[in-house]
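This report covers two ligand sites in one model. The sequence and structure are shown first.

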Amino acid sequence: MTLRLTLFGITAGAALIFLGGFAWTWRPAIPPINLEDHGDSDAKAIWRGAQLAAIGNCNDCHRADTGESYAGGRPLPTPFGTIYSSNITPDAETGIGTWPEAAFKRAMREGVDREGRQLYPAFPYDHFTKATDEDLGALYAFLRTQLPFRKAAPANALIFPFGFRPIVAGWKLLFFREARFQPEGSKGDAWNRGRYLVEGLAHCGGCHTPRNVFGAEKGSSSYAGGVAEGWDAPPLNSGSLAVHRWNADDLFEYLSTGWNRLHGAAAGPMADVTNNLGGVSSTDVRAIAVYVASLSADSGDTAAPVQTNKIVATSEVRAIYEGACANCHRDPNVVGPSKAVSLSLSSAVRQWSAANTVRVVLGGIQARSGAPGAYMPAFGGILTDSQIASLADYVRARYTDQPQWADSLKEVSKARQEGSTP
Ligand code: HEC
Ligand code: HEC
Ligand code: HEC
C-alpha cells in the first residue's frame, strides 16, 4: 500500500467517522426467528424470486469459491481493501436462516444487517433499495428454498480505518438515499419496467457508471462507463462506443444470448450478466433492452472506421494477426461458425484502455454451456506479453481512428497477475 493511499484513507475515513457520528449509526436488532417458524411460501413467489436473483446477479457475488450457491466468502477487491460476500443460505449460524423477512428487506433497502450493523456498499443496496416490497418478498422466499450451507465468510481485509463499520453511516449520509421506484407516466410500460429493473435489482450502473473517490457512483454521469474487476464497462449513454447504435432488438439478443452480429460477444464480468439473463423471462429482458436503448437514443451511428494507413506495425505482429486472428475476425463483417465479428465493430477495441482487448486475447471467449455460442481460444499460453501488447496496439490502429493506448504492455502484466491471484 502506498503512503498516499494510507493518508487518503485516514483523511477520508476521519471525515466519514465525523459524519457517521453525526448520522447516529445505531440501528436496532431485529429479533431472530426459528427456522421452523417460517410458513410456506407459494410456488409462484419462489419462481419469481429465482428470476429476480438471476437479474440481480446475486450468485455471482455470493457463490462460494468451492461452488456452493449463495454460501458467500467471495473476495471483492475495492480501493479500500478486500470485502468478502456474506453467506445468504438459510444456515442458522453462518447464513441468514434466522432472519425474518423484515430483516432481509431492511438489509436490501437500507444496508443494515439483522443485528443492526452497517453493511458496506460493495453490496449494491444503493440499487436494491428501489425494489418493490413484493419483489423483495419473492427473493426472500426463493433464498429460503436454498440448501443451508455452513460456512463463515473470512474477515474483511480493509485499510485503516475502513474496517470500522459505523463509518458507513457517514458514507450513506453523503451518497445514499433510500428510495422506491417512481414510474414516469409519459413513457410506456416496457420502458418503465426496464428502468425499474436496470436501476434497481439489475444494478447495471454498478459497473457502467463511474465512481468518485469514496467509491460512490457519480449520479451526474450515470451510465457514462465504469470499471469492473479490471475490465472497462463501456458507456451505455450517448457516449456509447458502439459503431452501430444499440437498438432494442440488438440489445435483446446481446443480453439474452451474450452475442449479436453487429456488436460481438459479452466477455468478462458481462458474460456472467448475460448468462444470468439467458434464464430470465423474455418480457423482462426485452424491457431492459427497451430502456437501455433509450439511454443512447440521441447518439448516431459512428462513421464506418477508416482503414488507417498510419499503422506502425512490425511484420511480426502483422503476421501474427493474419495467421492467428484474421480467419475468424473477417473483414468485411462475414460471421463464420466461430461467431467472431469484424474487429472494426468491437467496443473493446474502441475503449479508452486496452484492458478488455488484452483480457480477451489472454483468456479467450468461452462458449456458453449447452448453447452453440461464440468461441475464441485463449492466447495467454501461446503469445508473449509483448506480442499481445503489440497485437492490441495493432488492432487499435487498424480498426479505429482513436489515439493509441498509453501502455498496453503494463495492462498485459496486470491482467496476468489478476488471473493468477483470483
Ligand atoms: C457486487 C456483489 C454483490 C451482489 C451482486 C449482491 N451482493 Fe449481497 N452482499 C455483497 C457483499 C460484499 C455483502 C457483505 C457486505 C458487508 O459485509 O458489509 C453482501 C451482503 C448481503 C446481505 C447481508 C447478509 C448479512 O449476513 O449481513 C444480503 C441479505 C445480501 N447480500 C443479499 C443479496 C441479494 C438477494 C442479492 C441479489 C439481488 C445480492 N446480495 C447481490 C455483495 C453482493
Ligand atoms: C459486473 C459488472 C457489470 C454489470 C453488473 C453489467 N455490466 Fe454490462 N458490461 C460490463 C463489461 C465489463 C462490459 C464489456 C464486455 C466486453 O468487452 O465484452 C459490458 C458490456 C456491456 C454492453 C456492450 C456495450 C458495447 O458498446 O459494446 C452492454 C450493452 C451492457 N454491458 C449492458 C448492461 C446492462 C443492460 C446491464 C444490467 C442488466 C449490465 N450491462 C450490467 C460489466 C457489467
Ligand atoms: C476461433 C476463432 C477466433 C480466433 C482465432 C480469434 N478470435 Fe477473437 N473472438 C472470437 C469470437 C467468437 C469473439 C466474440 C465475438 C466478437 O466479439 O467478435 C471474439 C472476440 C474478440 C474481441 C472482442 C472482445 C470484446 O470484449 O468485445 C477481440 C478484441 C478479439 N476477439 C481479438 C482477437 C485477436 C487479437 C485474435 C488473434 C490473436 C483473435 N481474436 C483470434 C473468435 C476468435
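The sections below give the basis of the values, then the metal site, then the other ligand.

## Basis

The model is predicted: local features need pLDDT of at least 70, side-chain atom pairs count only at pLDDT 80 or more, and totals for chains, interfaces and linings use all residues. Residues are numbered from 1 along each chain as its sequence is written, chains are lettered from A and ligands numbered from 1 in the order in which they are written, and side-chain values use heavy atoms, leaving out hydrogens and water.

## Iron of ligand 2

His208 (NE2) and Met270 (SD) are the protein donors of the iron atom of ligand 2, at 2.0 to 2.3 Å from it. Donors are N, O and S atoms within 2.8 Å of the metal (3.2 Å for Na, K and Ca); water is not among the atoms, so sites may look incomplete. His208 belongs to helix 9 (residues 205–208) and Met270 to helix 11 (residues 269–277), so the pair ties together parts 62 residues apart in sequence. Helices are DSSP runs (H or I, at least four residues).

The 6 donor atoms subtend angles of 88 to 180°, which makes the arrangement octahedral (six donors, opposite ones over 155 degrees apart and all others between 65 and 115). His208 has 11% relative accessibility and counts as buried, meaning under 20% relative accessible area with a 1.4 Å probe, protein chains only. Met270, at 19%, also counts as buried.

## Polar contacts of ligand 3

A polar side-chain atom of His329 lies 2.8 Å from a nitrogen atom of ligand 3. Backbone N or O atoms lie 2.9 Å from a ligand 3 oxygen atom for Val341 and 3.1 Å for Ala265.

Note on methods:
A polar contact is a pair of N or O atoms within 3.5 Å; within protein, one must be able to donate a hydrogen and the other to accept it, and residues adjacent in sequence count only if both atoms are side-chain atoms. Four donors count as tetrahedral if all angles lie between 85 and 135 degrees; four count as square planar and six as octahedral if opposite donors are over 155 degrees apart and all others between 65 and 115; anything else is irregular. Helices (H or I, at least four residues) and strands (E, at least two) are DSSP runs, numbered from the N terminus. Buried means under 20% relative accessible area, exposed over 50%, partly exposed in between (1.4 Å probe, protein chains only).
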